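Q: I have a model open and want to know what stands behind the terms used for it. Please take me through them.

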Amino acid sequence: MSVIKPEQRYSKKEIERRANDLLNKMQAKPNYAGNGRRIDASRVADFLDIGVVWESLPSDDQGQIAAMILPLQREIVINNDIPKLREGYGQSTIAHEIGHWLLHINQEDVEKFVDRMERDIEVNIPPFLCRSASDQVYQSIANTQIDWREWQAQYLASCLLMPVHILEQAQKARDLTKWPHLYAMADELGVTISNLTNRLKGLGWIRLTENSKQIYLGNTAPSRTGAFK
């Protein structure tokens with residue numbers, strides 16, 4: 001038994017649309033409407049009626065497990081034994097699991113299996129495991145179905161935590177080519193510096209040369225287009 005959808009190649013535009021749709025639905029609810037620039041991933045999970053718990057997750061024969069989703073329990077479990085998940089990576093990981101929930105788990109099948117459970121019919125759905133707590137999932141190098149799935153979930157997480165309209169506001173009066181300014185933005189948004197730089201590179205706002213810390217403005221940076229200065 002499985003509730004995992006067949007492989008599907010979502011475009012960046014489609015993934016961003018889904019993240020924005022979710023944020024717009026939250027904004028329409030007084031209890032979930034944010035009033036700042038920091039998107040709380042746990043609050044997004046709560047809006048979706050998904051619980052988030054922190055527990056020790058032992059490694060298995062394939063290595064460390066960063067997090068997992070229990071689809072029928074509507075629960076995301078974050079590995080309490082990975083220290084960096086307590087920092088900005090934690091927000092990113094929760095948002096990443098939400099990405100899997102929205103893109104890769106068949107919600108209709110989940111409801112069918114829950115109905116069976118409520119009628120005391122035995123159901124065995126394995127947890128959906130996420131092993132990476134690193135920056136690798138940001139890379140566009142995806143050779144396998146699992147690679148693509150992880151990249152899609154992380155791209156949705158980035159769109160969710162750093163929607164364009166919030167980035168446009170956060171970059172005002174800041175120089176995107178200066179690391180201190182980027183660190184200040186990351187702190188304000190509650191994400192890691194890797195979260196932020198990968199998002200800005202994806203938008204074409206900045207460029208980073210290989211083996212160098214030098215930052216250059218991208219062709220679509222707001223200060224180049226004149227939209228925001």
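Q: Which residues is Ile 98 in contact with, leaving aside its neighbours within four places in sequence?
A: This is a predicted model. In it, Ile 98 is in contact with Leu 22, Ala 41, Val 44, Ala 45, Leu 48, Ile 76 and Leu 160. Contact here means heavy atoms within 4.5 Å.

Q: What makes the set of residues around Ile 98 a nonpolar core?
A: A nonpolar core needs buried residues of the listed nonpolar types, joined through side-chain atoms within 4.5 Å. The largest such core has 60 residues. Ile 98, Leu 160, Leu 167 and Leu 196 have the most contacts inside it. Helix α5, residues 145–161, gives the largest share of this core, with seven residues. A second, separate core has five residues, among them Leu 57, Ile 65, Met 68 and Val 77.

Q: Why is Val 53 called partly exposed?
A: Buried means under 20% relative accessible area, and exposed means over 50%. Val 53 has 23% relative accessibility, so Val 53 falls in between and counts as partly exposed.

Q: Where is Val 53 found, and which residues is Val 53 in contact with beyond four places in sequence?
A: Val 53 is found in strand β1, residues 51–55. Its contacts beyond four places are Glu 75, Ile 76, Val 77 and Ile 78. Val 53 and Ile 78 are 25 residues apart in sequence. In space their C-alpha atoms are 6.3 Å apart.

Q: How do you know that helix α8 is mostly covered?
A: Count its buried residues, with under 20% relative accessible area as the cut-off. Nine of the eleven residues in α8 (193–203) are buried. They include the polar-named Ser 194, Asn 195, Thr 197 and Asn 198, as well as Arg 199. Leu 196, Leu 200 and Leu 203 are also among the buried residues. Just after α8, Gly 204 takes a positive phi of about 80 degrees.

Q: Why is the protein called as compact as a globular protein of its length?
A: The globule rule gives 17 Å for 229 residues. The radius of gyration is 18 Å, close to that value, so the protein is as compact as a globular protein of that length. Its C-alpha trace spans about 60 × 45 × 30 Å along the principal axes. The protein has nine helices and six strands.

Q: How much of the protein is buried, and what supplies its exposed area?
A: Buried residues make up 44% of the 229 residues. The protein exposes about 12,300 Å², and carbon and sulfur atoms supply 46% of that area.

Technical notes:
Residues are numbered from 1 along each chain as its sequence is written. This is a predicted model: local features need pLDDT of at least 70, side-chain atom pairs count only at pLDDT 80 or more; totals for chains, interfaces and linings use all residues. Side-chain values use heavy atoms; hydrogens and water are left out. Buried means under 20% relative accessible area, exposed over 50%, partly exposed in between (1.4 Å probe, protein chains only). Helices (H or I, at least four residues) and strands (E, at least two) are DSSP runs, numbered from the N terminus. The radius of gyration is taken over C-alpha atoms; the globule rule is 2.2 Å times the number of residues to the power 0.38. Accessible areas come from the Shrake-Rupley method with a 1.4 Å probe; for residues, only the protein chains shown count as cover.
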